[in-house]
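Dear colleague,

I am passing on the structure that we spoke about, and would be glad if you could look through it alongside the notes below.

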Amino acid sequence: MHPIPCFGAGLLHSRIFSLLMGMRVSPPYYLSALLAAGWFRRLLHKPKPSSVESLKSSHSASSSPSSSSSSAKSSSSSPGMSLATSSISLSPVSAPDISASDSPRWDKSYDVCICHSEGDMELVEELVSYLEGQPESFRCFLQLRDAVAGSAVVTELCDAVQNSHCWVMLITPGFLQDPWCRYQMHQALAEAPMANGRTIPVLKDVDRKDYPRELRNIYYIYMALKEKSFRQIRDTVMRYLQELCQSSTKRME
């Protein structure tokens, strides 16, 4: 049998038919030849393996840059995320040093002025000893200890208020009955009417309804436990001095 050239599906079929008729081939063989022709026709329409492989390789080649770029993006994004995370975890801002040589704390002679009645002297001495024994060594004005002998009471009380950063008002039954205590309280309110943390009322053995009207716009410390109240007073003074240093630093900048 002669080799069959591959010209096309229709041409191949007619070529096979003419060859078979010329050779007088019986019908079964003719049917086998037709089946073979159909197989060749399907073979002609099927893409070449090399073209399929080239398509696959070209597709993988075209998709590989995107995948590599995406992997590069993911690899490049992970350091960025770590940088962002590291940038969020900032170190805590240190509190200003109130004992620095250029601190505005030293603009006044005292950090705290204790306004009290004579009947509460023992408690006041404990408070002063506690504050002065702190690492910050708070400077306290204690009238019976620090007032200048021979000076007028009014002058000493006014100077104590003006030369102190904060004023602790120890409000007890004796305080409410002492006109000098109320006078010093009014002087402190006149010095800082906006109640910006400088006036520190401390209520002890006094009903809340007897709290002075002049101080109603200021939160007070209720002294139930002495040690706890002392810490609250210390923290309040410390907070005011730190805010004073911060505001001074901002003004200088």
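What follows concerns two helices and a surface patch.

This is a predicted model, in which local features need pLDDT of at least 70 and side-chain atom pairs count only at pLDDT 80 or more, while totals for chains, interfaces and linings use all residues. Residues are numbered from 1 along each chain as its sequence is written, and side-chain values use heavy atoms, with hydrogens and water left out.

Helix α8 covers residues 179–191, and its end C-alpha atoms are 18 Å apart, in agreement with the 18 Å expected for 13 residues at 1.5 Å a residue (1.5 Å times one less than the number of residues; helices are DSSP runs of H or I with at least four residues, strands runs of E with at least two). Within α8, C181, Q184, M185, A188 and L189 are buried (under 20% relative accessible area, with exposed meaning over 50% and partly exposed in between, for a 1.4 Å probe and protein chains only). These residues cover an arc of only 140° around the axis, which puts them on the same side of α8 (the arc is taken from the directions from the helix axis to the C-beta atoms). P179 and A190, on the other side of α8, are exposed. The cover over the buried residues of α8 includes β1 (110–115), α6 and β3 (164–171), where contact means heavy atoms within 4.5 Å.

In α6, the buried residues are E156, L157, C158, A160 and V161, and their cover includes β2 (140–141), α5 (143–146) and α8. V154 also lies in α6 (residues 153–162), but counts as partly exposed because its relative accessibility is 35%.

Best regards
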